[in-house]
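Q: Please take a close look at the backbone of this model, at the places where its torsion angles call for a second check. Follow each one into the parts around it.

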Amino acid sequence: MLYDLKAKIEKNQQLSASVYYLELSMPKIPAKLKPGHFVHIRLMHTNDPLLRRPLSVNRIVERKLKNKIIRNIGIVYKIVGKGTNLLKEMAAGEQVDVLGPLGNGFELACLKPKQPIILVSGGMGIAPLVFLAQTLSKAIPEKQITAFLGMDTKKNLILADNLKKLGCAVHISTDDGSQGFKGYVSELLEKKLLKLKPNELNPYIYACGPKPMLKAVGMVAAKFNLSGQVSLDEMMGCGIGACLGCVIKTVDLKKQQPFVYKRICKDGPVFGINEILWEE
Ligand SMILES: Cc1cc2nc3c(=O)[nH]c(=O)nc-3n(C[C@H](O)[C@H](O)[C@H](O)COP(=O)(O)OP(=O)(O)OC[C@H]3O[C@@H](n4cnc5c(N)ncnc54)[C@H](O)[C@@H]3O)c2cc1C
Ligand code: FES
């Protein structure tokens with residue numbers, strides 16, 4: 001069920017130089033909201049930008065209000081351009097228009113019992129993976145989750161502590177070596193996978209981040225014969241599958257054509273780890 005709701009801003013707090021945490025309360029949170037879903041946000045006080053901006057659900061927050069438990073949606077967003085610059089100026093009590101939940105979300109049913117889970121993020125790709133870790137740690141408390149977080153530099157690193165609090169083992173890479181492994185997160189992942197013992201159950205990978213990083217993670221997964229899912233980031237128009245502005249070439253799973261186009265907003269943003277035909 002798709003909702004178009006007016007949501008009240010409960011918090012809009014700065015987390016780092018360019019990243020903010022937005023908490024929204026709304027008349028109802030869709031029951032079927034799952035990790036990997038995103039919402040399409042429209043600023044109601046201006047027509048510029050006209051188009052909505054897609055942002056992932058980062059967490060569900062439970063708060064006690066007059067002896068009632070209410071559930072808010074948390075979003076973590078980076079200041080990129082006009083829309084996010086305007087959003088950061090908004091104060092608690094103001095409203096935004098929220099369309100969602102959108103996209104397919106991560107699939108959890110494919111996990112085998114006791115299968116270890118690996119989360120891999122590049123930059124803001126960490127945002128939906130926190131909701132995924134939150135959901136997994138609630139649903140399967142004994143789950144072993146290891147997170148590999150890639151960032152350009154230490155001062156931009158966010159949400160690592162949230163993952164640790166959820167029980168994840170966290171490994172960090174930075175491009176400049178200011179924290180953790182120096183290099184790409186895909187290289188760090190490969191280094192750790194090389195240490196897997198032959199009798200260990202193969203881990204399942206969930207990744208989110210920029211396309212080159214997801215391509216590299218897909219290559220590592222293929223090398224170790226691992227399954228998983230990747231969540232793609234793309235500029236979007238409608239967000240509901242109508243404008244075809246977000247298509248990407250994917251493997252034809254029916255093996256009838258060299259490739260098929262899929263819409264990242266509607267068929268994705270989550271795809272099989274080796275389903276995308278990367279062109280860059
Ligand atoms: C499914 C999905 C989930 C997302 N979740 C998050 C999230 O949780 N947190 C977060 O910070 N961001 C997220 N994004 C990215 C976010 O939507 C964009 O950063 C945002 O729309 C930028 O809006 P703006 O008006 O500030 O920038 P604009 O003025 O629209 O753009 C400024 C510059 O950034 C580039 N740009 C804009 N959007 C993107 C994009 N999606 N990918 C690459 N380049 C882009 C433009 O080409 C332009 O050069 C997500 C995107 C998608 C598709
Ligand atoms: S953004 Fe319109 S079809 Fe995906």
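A: In this predicted model, Lys114 lies in the loop between S7 and S8. Its phi is positive, about 65 degrees, although Lys114 is not a glycine. Most residues other than glycine have a negative phi, and most peptide bonds are trans. Is Lys114 buried or exposed? Lys114 is exposed, with a relative accessible area of 78%.

Lys255 is another non-glycine residue with a positive phi, here about 60 degrees. This lysine sits in the loop between S14 and strand S15 (260–263). Lys255 is exposed, and its relative accessible area is 75%.

Strands S8 (117–122) and S14 (247–250), which border these loops, are both among the elements against which the buried residues of helix H5 pack. Helix H4 (185–193), strand S12 (204–208) and strand S13 (228–231) are the other packing partners. On the H5 side, the buried residues are Lys211, Met213, Leu214, Val217, Gly218, Val220 and Ala221. H5 covers residues 211–223, 13 residues in total, and reaches 18 Å from its first C-alpha to its last, close to the 18 Å expected at 1.5 Å a residue. After H5 comes Asn225, which has a positive phi near 55 degrees.

Peptide bonds are the next item. Gly100 and Pro101 are joined by a cis peptide bond with omega about 0 degrees, and Pro101 is found in strand S7. Both residues also line the second largest cavity, together with Tyr3, Leu5, Met26, Pro30, Leu33, Val39, Ile73 and Val98. Strands S1 (3–16) and S7 (95–102) each give two or more residues to this lining, and S7 has the largest share, with 3 residues. The volume of this cavity is about 50 Å³. Its lining holds 9 nonpolar residues, 1 polar residue and no charged ones.

Asp48 and Pro49 are likewise joined by a cis peptide bond, with omega about 10 degrees. Pro49 belongs to the loop between S3 and S4 and lines the largest cavity. The rest of that lining is Ile41, Arg42, Leu43, Leu51, Arg52, Arg53, Leu55, Gly83, Thr84 and Leu87. At least two lining residues come from each of strand S3 (38–43), strand S4 (53–56) and helix H1 (82–88). The lining divides into 6 nonpolar, 2 polar and 3 charged residues. This cavity has a volume of about 80 Å³. With a threshold of 30 Å³ or more, the count comes to 3 cavities.

S1, which contributes to the lining of the second largest cavity, also leads to strand S2. S1 and S2 run antiparallel, joined by 7 bridges, and form a hairpin with 2 residues between them. S2 in turn runs antiparallel to strand S6 (residues 68–78), with 6 bridges. Which residues stand across from Glu23? Lys11 stands opposite Glu23 of S2, and in S6 the bridge partner of Glu23 is Gly74. S2 (residues 19–25) is mostly covered, with 7 of its 7 residues buried. On one side these are Val19, Tyr21, Glu23 and Ser25, and on the other Tyr20, Leu22 and Leu24.

Definitions and conventions
Residues are numbered from 1 along each chain as its sequence is written. Chains are lettered from A and ligands numbered from 1 in the order in which they are written. This is a predicted model: local features need pLDDT of at least 70, side-chain atom pairs count only at pLDDT 80 or more; totals for chains, interfaces and linings use all residues. Side-chain values use heavy atoms; hydrogens and water are left out. On a 1 Å grid over the protein atoms alone, a cavity is a set of points where a 1.4 Å probe fits but cannot get out, and a pocket is an open set with protein on both sides within 12 Å along at least five of seven lines; lining residues have an atom within 4 Å of a point. Grid points are joined across faces, edges and corners, and a volume is the space filled by probe spheres set on the points. Helices (H or I, at least four residues) and strands (E, at least two) are DSSP runs, numbered from the N terminus. Ala, Val, Leu, Ile, Met, Phe, Trp, Tyr, Cys and Pro count as nonpolar, Asp, Glu, Lys and Arg as charged, and the others, Gly among them, as polar. Buried means under 20% relative accessible area, exposed over 50%, partly exposed in between (1.4 Å probe, protein chains only). Two strands pair if DSSP finds at least two bridges between them. The expected span of a helix is 1.5 Å times one less than its number of residues. Contact means heavy atoms within 4.5 Å.
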